[in-house]
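Below are some brief notes on the model, set out point by point. Please read them alongside the coordinates.

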Amino acid sequence: MLLEIIICCILLAVATVGFYYYKFRIANRVRAPKDVVLLYQVGRGPRAPSFSPFPMKLETFLRMTAIPYINDHAARFSSKGKTPWIELNGKAVADSQLAIEFLKKKFGVDADGHLTEGDKAVARAFLKLTEENLYWTMCIEMFGDNLEPVKTVIPYRGFKLWLTVTLLRRALGKQTWGHGIGRHTKDEVWDIAVRDMNALSNYLGTKKFLMGDEPSEVDCSVFGMIAQIYWHMPGSKHQVYLKENLQNLVDYIYRMKDRFWPDWESMTLEGSSCKSDHGELHMPEKVTTRNGLSGHRFLNGTT
């Protein structure tokens with residue numbers, strides 16, 4: 001009798017998992033028409049369009065270059081086990097920067113066309129400073145001794161929230177240790193963070209954007225990262241330092257927000273006009289011009 005009860009419980013659990021997998025992954029799968037980018041990410045953030053800097057970077061680039069795209073927020077991960085990633089006409093490209101390089105060639109767009117070769121070299125250096133250095137100091141801060149701030153950012157509750165935070169903390173701990181920055185003391189990591197933020201602020205100076213009066217590709221990355229500090233690291237040392245000492249960076253992210261995210265309030269979970277854009281076609285006028293399609297939502301291959 002006990003064995004039968006155990007088997008029934010296992011079957012019930014499998015059926016439940018299967019039901020929710022179908023409901024949230026299969027039945028809600030997004031399809032994109034020809035020449036429309038399908039952007040996979042893990043959902044919107046509470047006070048910024050994502051609670052990760054890399055989806056914000058990639059989506060801002062799509063907006064900057066006016067490439068039509070559709071979001072899939074069902075947390076599907078790439079073959080590399082990460083997100084964000086894209087599909088275009090059946091071809092999958094993982095990693096935000098590799099996706100950008102692919103899109104630049106595919107659509108013939110160049111957000112850096114106004115830069116000199118020297119400018120481009122400087123921009124690449126700041127890209128790496130931001131993504132390969134500053135980012136890891138942010139991870140160490142958010143997943144350190146006090147996990148309460150990060151729990152206010154990840155839009156889950158109960159067991160799912162606990163499991164997500166636990167797994168992320170463990171994974172990031174291994175990654176920062178392998179990177180090397182995780183082997184430093186807390187004071188050493190914080191010193192790195194301050195130097196990186198100061199470098200960005202000092203180079204920005206009084207310019208509107210990092211490389212001048214017009215935005216360029218590197219702004220997508222810097223904006224995505226600093227936006228996380230400002231909106232999604234409540235009470236952290238990074239956020240306090242930014243607000244108290246680096247006003248030009250704060251002004252900068254607001255300029256980027258106003259220019260590329262006029263729909264910010266509808267793209268954030270705590271926004272005044274929040275709505276889901278899962279399956280919604282962004283920049284439909286570009287699609288209509290290119291292949292005559294109409295309609296704004298593409299779920300399960302339908303419009």
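Where is serine 78 placed?

1. This is a predicted model. Serine 78 lies in the loop that runs between strand 2 (69-72) and strand 3 (85-88).

2. Despite the loop setting, serine 78 counts as buried, because its relative accessible area is 10% and the cut-off for buried is under 20%. Leaving aside residues up to four places away in sequence, serine 78 touches Trp85 and Ala94.

3. Helix 2 (residues 53-64) has 12 residues, and at 1.5 Å a residue these should span 16 Å. The C-alpha atoms at its ends are 16 Å apart, so the expected and computed values agree.

4. How many of the residues of helix 2 are buried? The count is 12 of the 12, so helix 2 is largely enclosed by the rest of the structure. The buried residues include charged-type names such as Lys57, Glu59 and Arg63, as well as Phe54, Leu58, Phe61 and Leu62. Pro53 and Pro55 are also among them.

5. After helix 2 comes alanine 66, which has a positive phi, near 55 degrees.

6. Phenylalanine 159 belongs to helix 6 (residues 158-179). Its relative accessibility is 58%, so phenylalanine 159 counts as exposed, the cut-off being over 50%.

7. On the surface, Phe159 joins Trp162, Leu163 and Leu167 in a nonpolar patch. Together these residues have about 440 Å² of accessible area. An α-helix has 3.6 residues a turn, so residues three or four places apart point the same way.

Key
Residues are numbered from 1 along each chain as its sequence is written. This is a predicted model: local features need pLDDT of at least 70, side-chain atom pairs count only at pLDDT 80 or more; totals for chains, interfaces and linings use all residues. Side-chain values use heavy atoms; hydrogens and water are left out. Patches are made of residues with over 30% relative accessible area and no salt bridge: like charges are joined within 9 Å, nonpolar side chains (Val, Leu, Ile, Met, Phe, Trp, Tyr) within 5 Å. Accessible areas come from the Shrake-Rupley method with a 1.4 Å probe; for residues, only the protein chains shown count as cover. A salt bridge is a side-chain nitrogen of Lys or Arg within 4 Å of a carboxyl oxygen of Asp or Glu. Helices (H or I, at least four residues) and strands (E, at least two) are DSSP runs, numbered from the N terminus. Buried means under 20% relative accessible area, exposed over 50%, partly exposed in between (1.4 Å probe, protein chains only). Contact means heavy atoms within 4.5 Å. The expected span of a helix is 1.5 Å times one less than its number of residues.
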